[in-house]
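Ready for a few exercises? Keep the picture open, try each task yourself, then walk through the solution.

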Amino acid sequence: MNSTPERKFGVVVVGVGRAGSVRMRDLQNPHPSSAFLNLIGFVSRRELGSIDGVPQISLEDALSSQEVEVAYICTESSSHEDYIRWVFHLKPSKEGHLSRKVLHEEHVELLMEEFAFLKKEVVGKDLLKGSLLFTAGPLEEERFGFPAFSGISRLTWLVSLFGELSLVSATLEQRKEDQYMKMTVCLETENKRPLSWIEEKGPGLKRNRYLSFHFKSGSLENVPNVGVNKNIFLKDQNIFVQKLLGQFSEKELAAEKKRILHCLGLAEEIRKHCCPEK
């Protein structure tokens, strides 16, 4: 990135919960990628007026503004599709017609130190079998979507580590009165190696990842303490700005798109297995 950008992209942040607040903080701090972005305002269902001098604006005003060129969608998962459709289909370019858009799918879990460690450990090894269990407190499906989608970052870990996967079976155990849910998914690599992915959520369950990968050359049981995950949203912002500036090759973008669509397709297949239409 050049230290003196020729232009800045106008940004609006949609949703100012934890993620949105961090996004606004990074946009206002002097980082190399922030120099290419100009925070115009934020959109929220709450009446907040302004935050640290940044004004609240309506979604309609953001979409019609000639200044706003970038939207950070930081709301709950279930609303992402609607917001993205509005941004892509209603936002005209400065010339009055729809321009080429950059849709960046954020997966900050791929920027974590734990994943970087796993990537190094797995490369070149022949997998025999593996499992990934994620536990956490209760999560409202109405707000965050079916578990295969709300937990899609774990599925993305597996696909990024072991390549495209196929679904063998999937089951869902739910006790709504106890706020308990357990989704068990059996997957298979292209070499027919078994991988299991489990999402378990309920009262008293701590947010944690438990993994077990067995290779011909040995085993990996969970991830050691590899350091604090610092500035992962900022790392993601750097990647996004590189895309805006055309610094990603077509090959890289195509590979990312293929991975994202593969994971979304798998998640939908899992949902259909767990909740067959009557």
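**Exercise 1.** In which sense do strand E1 and E5 pair, and over how many bridges?

*Solution.* First, the ground rules. This is a predicted model, where local features need pLDDT of at least 70 and side-chain atom pairs count only at pLDDT 80 or more, while totals for chains, interfaces and linings use all residues. Residues are numbered from 1 along each chain as its sequence is written, and side-chain values use heavy atoms, with hydrogens and water left out.

Next, the terms: helices (H or I, at least four residues) and strands (E, at least two) are DSSP runs numbered from the N terminus, and two strands pair if DSSP finds at least two bridges between them.

Now find E1 at residues 9–14: E1 and E5 pair in the parallel sense over five bridges. To see one of the partners, look at Val12, whose bridge partner in E5 is Ala71.

**Exercise 2.** Work out the strand order of the open sheet that holds E1.

*Solution.* Start from E1 and look for E2: six bridges join these two parallel strands. Val14, for example, stands opposite Val43 in E2. Put the pieces together and you get an open sheet of three strands in the order E2-E1-E5, with parallel pairing. The edge strands, each pairing on one side only, are E2 (37–43) and E5 (68–73). From one strand to the next, the twist averages 30 degrees.

**Exercise 3.** Is E2 largely enclosed or largely open to the outside?

*Solution.* Count its buried residues, where buried means under 20% relative accessible area, exposed over 50% and partly exposed in between (1.4 Å probe, protein chains only). Six of the seven residues of E2 are buried, so E2 is largely enclosed by the rest of the structure. For the chain, 40% of the 278 residues are buried. Now try Gly17, in the loop between E1 and H1: at a relative accessible area of 35%, Gly17 is partly exposed.

**Exercise 4.** Find the helices that lie across E1, E2 and E5, and see how H1 and H8 meet.

*Solution.* Angles here run from 0 to 180 degrees between N-to-C directions, with axes as lines fitted to C-alpha atoms, for helices over the stretch in contact. Helix H1 (residues 18–28) lies across the three strands, at about 150 degrees to E2. Helix H8 (residues 232–244) lies across them too, at about 145 degrees to E5.

Then compare the helices: the axes of H1 and H8 come within 10 Å and cross at roughly 65 degrees. Residues in contact have heavy atoms within 4.5 Å. Among those that meet are Val22 and Leu27 in H1, and Phe233 and Leu234 in H8.

**Exercise 5.** At what angle do H4 and H7 pack?

*Solution.* Locate H4 (residues 113–122) and H7 (residues 152–162): they pack at about 30 degrees, with axes 10 Å apart. That makes H4 roughly parallel to H7 (angles under 35 degrees count as roughly parallel, over 145 as roughly antiparallel, 65 to 115 as roughly perpendicular and the rest as oblique). Last, pick out the residues: Glu114, Phe115, Leu118, Lys119 and Val122 in H4 meet Trp157, Ser160, Leu161 and Phe162 in H7.
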